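Thanks for asking me to look this one over. My notes are below, as a few short numbered points to read alongside the model.

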Amino acid sequence: MDDAVRPGHRFPHRWVDDSVSTLDLIGSHWTLFSGRNISDWRAAAHLNPHVHTLDTDGVVLVRPDGFVAWQGTTEDSLRASYWG
């Protein structure tokens, strides 16, 4: 199974703990996943997304339909994206 995280593709299912998966965390909301401090990422997204810490490279913004909208490593690149 290809579990790469790429914009335009569905965010992969990963277990966060024994009873919660990444898909459960997305639900029907814009969601930011980051492996580091994400306090400033919410402001950069301009969407008031739900935020979760997850072991991932960089930061990933997932649409409510489960597709990856953006992936990157800097707040500036998120602000410069077409929805920021």
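**Notes on the sheet and strand E1**

1. Phe33 has Val60 as its bridge partner in E3. Please keep in mind that this is a predicted model. The pairing belongs to a wider link, in which strand E1 (residues 31–34) and strand E3 (residues 59–62) run antiparallel and are joined by four bridges.

2. Stepping back to the sheet: it is open, has four strands in the order E2-E1-E3-E4, and its pairing is mixed. Strand E2 (50–53) and strand E4 (68–72) are the edge strands, each pairing on one side only. On average, neighbouring strands of this sheet are turned by 15 degrees against each other, direction ignored.

3. On the E2 side, E1 pairs in the parallel sense, over four bridges. Thr31 sits in strand E1 and has a bridge partner in both directions: His50 in E2 and Val62 in E3.

4. Is Thr31 buried or exposed? Thr31 counts as buried because its relative accessibility is 0%, where the cut-off for buried is under 20%. Leaving aside neighbours within four places in sequence, its contacts include Leu25, Ile26, Pro49, His52 and Leu61. A polar atom of the Thr31 side chain also lies 3.1 Å from the backbone oxygen of His29.

5. Which way do the E1 residues point? Thr31 and Phe33 point one way, Leu32 and Ser34 the other way, and all are buried. In a regular strand, side chains alternate between the two faces of the sheet.

Methods: Residues are numbered from 1 along each chain as its sequence is written. This is a predicted model: local features need pLDDT of at least 70, side-chain atom pairs count only at pLDDT 80 or more; totals for chains, interfaces and linings use all residues. Side-chain values use heavy atoms; hydrogens and water are left out. Two strands pair if DSSP finds at least two bridges between them. Helices (H or I, at least four residues) and strands (E, at least two) are DSSP runs, numbered from the N terminus. Axes are lines fitted to C-alpha atoms, for helices over the stretch in contact, and angles run from 0 to 180 degrees between N-to-C directions. Buried means under 20% relative accessible area, exposed over 50%, partly exposed in between (1.4 Å probe, protein chains only). A polar contact is a pair of N or O atoms within 3.5 Å; within protein, one must be able to donate a hydrogen and the other to accept it, and residues adjacent in sequence count only if both atoms are side-chain atoms. Contact means heavy atoms within 4.5 Å.
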